[in-house]
Structures are given as structure tokens and as C-alpha cells.
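Please open the structure in your viewer and keep the selection tool at hand, since this tour moves from one selection to the next and says at each stop what can be found there.

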Amino acid sequence: MTNFLKKLFSKSQESSTPVFHVDKQDISRESSTALYEKAKNYFPGGVNSPVRAFKSVYGTPLFIEKGDGCYLWDADGNQFIDFCCSWGPLILGHNHPKIREKVTEVMQNGMSFGAPTALENELAELILKNNSYLEKIRFVSSGTEAVMSAIRLARGYTKRDKILKFEGCYHGHVDALLVKAGSGLVTFGETSSAGIPKSFADETIVVPLNDMKAVKEAFKQFKNQLAAVIIEGVPANNGLLIQDQSFVEFLRDICTKNKTLLIFDEVISGFRIGFEGAAGYYQVKPDIVTYGKIIGGGLPVGAYGASAEIMGNISPEGPVYQAGTLSGNPVAMAAGIAQLSELAKPGFYKELNAKAAEFVESIQRYADTHNYTFKVFRVGSIFWFAFTDQTIQTAEAIDPASMDKFKIMHRELLNRGVYLGPSGYEVGFVSAAHSKIDLEKAKRAIFECLDIVFKK
Ligand SMILES: *Cc1c(COP(=O)(O)O)cnc(C)c1O
């Protein structure tokens, strides 16, 4: 027995306080820390995307060296079961052989031509054949680009300027949508980033999620001015805020009545909760859909799609301009084709979603048995750990103080070989590469961490 354990043990006997679970030694981060120090000389905050900087969890960011299946290895040789999955794209896990082979094969013929290729047709056909909500699509290179273009299309089509968005939905770093709610029920947005003119934010109206009254009020106040209502099909960027079926149907209805377009931002939910994403899940037809993440199989691809009539407004067919040097490049298309071909196989989602459900349910059972104030929200293979006993459907319902518990959970999970995104507002993903044995291992670590968080 180490001195530390002896001390703890004897102390607990003396004072008859319970023996607390002894936290595992923190994992070594020597190499990651050195790389991070170096990176800080090159990049603002040492990173190329802010959430990677581990600002809301303990320690310095882990630098990743390798991924395979559901596993990640960092620069110090630590191995993790990964539930971040590159923030969603890797629904088949890391380094899937079919994707790697297809990409390498296509690369033999060159990487970009700035001219059409058959591969674009192939990916488009694969998507449109298996999706009853879209007739035409345009490929871009990121989710942000897809949303930005969809907004321009909605404005061009309706000849209106204002956009309605929901507090707690993230749509990439588009100027018009980096906007948060002000203080009233229906408010002009306030910018949530420096560098966005106030006049831009004035074109964006922000209301709470799952709130029909607020949406009705906005339509009344801005009659004939709303070009589009944009919502994440399943809001999954600020916790997992699952909306009522009736609310989604209500949005469809009020948009139709007011000739406002309904945009589903399916950058996370698309090809995740089913091949047809949230549209298929709710069986509600949006006017425009945006994709990213999974569609590129780990390479940078985004897309937006709609009816042939609406898409006919995009240049060169119509007056709404949108272009891209590397849009639809063969390498990215190859990755998308390889990944989506697997997803289109019968039974893929049924199996994945059942596996995720079983995983989440047994964690919930453990928490309930021990009376822990802890809920796991889930749709398909997306899950969110929340330290609450409430049903959470709006951004406002999330208690910021509960994030202290997530911080401990995150550190202790890393110490036990489980990698979650470094923020309690982020969701996790189960991939097809997580075997039942991997999930059993992860569960055991999660149980131990819950005990520590709640100081059993
Ligand atoms: C990730 C995300 C985006 C932005 O996509 P990027 O590829 O990071 O630009 C937009 N909308 C939603 C719903 C997202 O989850």
C-alpha cells in the first residue's frame, strides 16, 4: 500500500468518514503539453478551432497521433475509446478501410480539376435516390458554407431579408447566425462575436426553442419579412435539445402559411439519426436542407439541397450566386461515396441505434439505482450526459453550474481511457466501430466516474 493510500485509509478509520474512491493518477500529457506550447506560437490559442483548446475542462489539449475503429491514441501513447468521433463525421469509426481504399484509389488520378467529374454524380445519386425530401443538391466544402449558402438562397427566393433562428442552435460561424437572444420573448439578435456589424444582427430574430407562442409572436411582428426559419433538425450543439413532434409540425405549418422557407440544418443530424436525418425522423418536409460532417466521410464536404424549383435559383441556373474552387473535388467525393454506401445498406441504422440505446439505457439505470442527479439524452446514436433531473428542451433550461460536474467526469474518463468532447455542452456519438465489448468497457469507466462525481 502506498503511503498516500495508507494515510487516506487510516484517516477514514479515525474519523469514520467514508473512504472516498481514490482517483486514478492523471494520464501523462508530457508530449501533448510540449506540442501545445509550440502550437501557441503559431495559432491563436494554439488551435485551429476554439473548442479544441480544452478551455472548459481540466488540463491541456491532447494531441492525437492515430485513430483506428473506435480508438484514438495521443502523442503520449495513451489509448482511448472515442465518443467524439471528430465531432460527428466518423459514423463508421476512424480510418475505415473502405473509405481509405476508395480515397487512395481516386487520388491516383489527381486531386482536383476544377471541372465536373463522374464522382459528383455518383454521390448526388446515392443521396437523392435514398432521400424523399430533396430533388437537387449542391456540394460545398463545410457545414458553415452550406448554411451560409442556404440562407442566401432563401433570401433570394423569397426576396425577403429577415431570418428567424433559435437560441441554443449552432449553424456554423456564419455572420447572420452568430447571433444570440436579447432579453425579450421575441428579440432582434445581439451579435455573439466581435466583427459582426449590428445591422447584420438586426436581420436575425432569435426565439427560444420549443416555444410556439414566441414563434407566432415573431411572425406577427415581422409579417411578410421572414425569408426563413432555420433550426437544427435535432439541436445537438448546446446539449441535446430534443424538440416535440408537435413543435416541428407547427414550424412547417406556420412557414407554409406565411410563405417563409423552413431550413433544417442537418449538419449533425443528417445521415446520423437515419439516412434522411431529422426530416425522416419527424417526417416533416423542410424547404431547404443543409449537410456537413458525415457526408464527407472525414474529409471537408458540405451540401445544401431542396426541390428542383428552389434550387433553380442557384447560379448558373438562377440569380443567387454561390461557387467554390474545391467544391465537389474527387478526393472528398470518394470519401463521401464510400461512407454513404455503407450507411445506405439495409439495417445499418437499426443496428447502430439499438446499440446506442442499450449503452445509454444501462448508464441511466446505473445512475437511477444510485439516485444520481444525472440524465442521458439520446436520439439515434447521439447522446448527451446532463447533470440534471429535468427534461431539457431549451438552452435556458441548462444549469451552467452543472458543468462543474462534467469537468470532473471528463478528467476521470480520460484517466480511464474514455474520450469525450471537451465541453459539457457537447454531445457524444456512438459509431458502427464501437463493439459491444468496447461499450461494456466504456460503461464500467463511466460508472466509476459517476461514483467519483457524486462522491459515493
Ligand atoms: C458543425 C455544424 C455546423 C458547421 O459546420 P462546419 O463544417 O464546422 O463549418 C453547422 N451547423 C451545425 C448544426 C453543425 O453541427
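Begin by selecting aspartate 82 together with tyrosine 419, a residue of strand E16 that stands opposite aspartate 82. Strands E3 and E16 pair in the parallel sense over two bridges, where two strands count as paired if DSSP finds at least two bridges between them. The labels follow DSSP runs, numbered from the N terminus, with helices (H or I) of at least four residues and strands (E) of at least two. Before going further, note that this is a predicted model, in which local features need pLDDT of at least 70 and side-chain atom pairs count only at pLDDT 80 or more, while totals for chains, interfaces and linings use all residues. Residues are numbered from 1 along each chain as its sequence is written, and side-chain values use heavy atoms, with hydrogens and water left out.

Now widen the selection to the open sheet of four strands, which has the order E1-E2-E3-E16 and mixed pairing. Its edge strands are E1 (64–68) and E16, each of which pairs on one side only. Helix H14 packs on this sheet and touches E2, E3 and E16, and the direction of H14 makes about 100 degrees with that of E3. Such angles run from 0 to 180 degrees between N-to-C directions, the axes being lines fitted to C-alpha atoms, for helices over the stretch in contact, and contact means heavy atoms within 4.5 Å.

Next, select helix H14 itself, residues 436–453, whose 18 residues reach 25 Å from the first C-alpha to the last, close to the 26 Å expected at 1.5 Å a residue; the expected span is 1.5 Å times one less than the number of residues. Among the buried residues of H14 are Leu439, Ala442, Ile446, Phe447 and Leu450, where buried means under 20% relative accessible area, exposed over 50%, and partly exposed in between (1.4 Å probe, protein chains only). What covers the buried residues of H14 includes strands E2 and E3, helix H12, strand E15, helix H13 and strand E16. Just after H14, stop at lysine 455, which takes a positive phi of about 50 degrees.

From there, move to another open sheet, in which three strands lie in the order E14-E15-E17 with antiparallel pairing. The edge strands here are E14 (375–379) and E17 (428–429), each pairing on one side only. Strand E15 (residues 382–386) pairs with E17 over two bridges, and phenylalanine 383 has glycine 428 in E17 as its bridge partner. Helix H12 (residues 348–369) lies across E14 and E15, running at about 170 degrees to E14.

In the loop between E16 and E17, select glutamate 426. How far away is the nearest side chain of opposite charge? That side chain belongs to lysine 293, 7.7 Å away, and glutamate 426 is buried yet has no salt bridge. A salt bridge is a side-chain nitrogen of Lys or Arg within 4 Å of a carboxyl oxygen of Asp or Glu, with Lys and Arg counted as positive, Asp and Glu as negative, and His and the chain ends not counted. Leaving aside neighbours within four places in sequence, glutamate 426 is in contact with Val51, Trp87 and Trp384.

Now select strand E10 (residues 226–232), which is largely enclosed by the rest of the structure because seven of its seven residues are buried. Three bridges join strand E5 (residues 162–166) to E10 in parallel, and five bridges join E10 to strand E11 (residues 261–265), also in parallel. For one position in each pairing, find lysine 162 opposite leucine 226 in E10, then alanine 228, whose bridge partner in E11 is leucine 261.

Continue to phenylalanine 247, found in helix H8 (residues 245–257) and buried, with a relative accessible area of 1%. Leaving aside neighbours within four places in sequence, the contacts of phenylalanine 247 include Phe166, Leu209, Met212 and Ile231. What covers the buried residues of H8 includes E5, helix H7, E10, E11 and helix H9.

Finish with some backbone details, remembering that most residues other than glycine have a negative phi, and most peptide bonds are trans. Lysine 259, in the loop between H8 and E11, has a positive phi of about 55 degrees although it is not a glycine, and at 65% relative accessibility lysine 259 counts as exposed. The last selection is serine 315 with proline 316, which are joined by a cis peptide bond with omega about 10 degrees.
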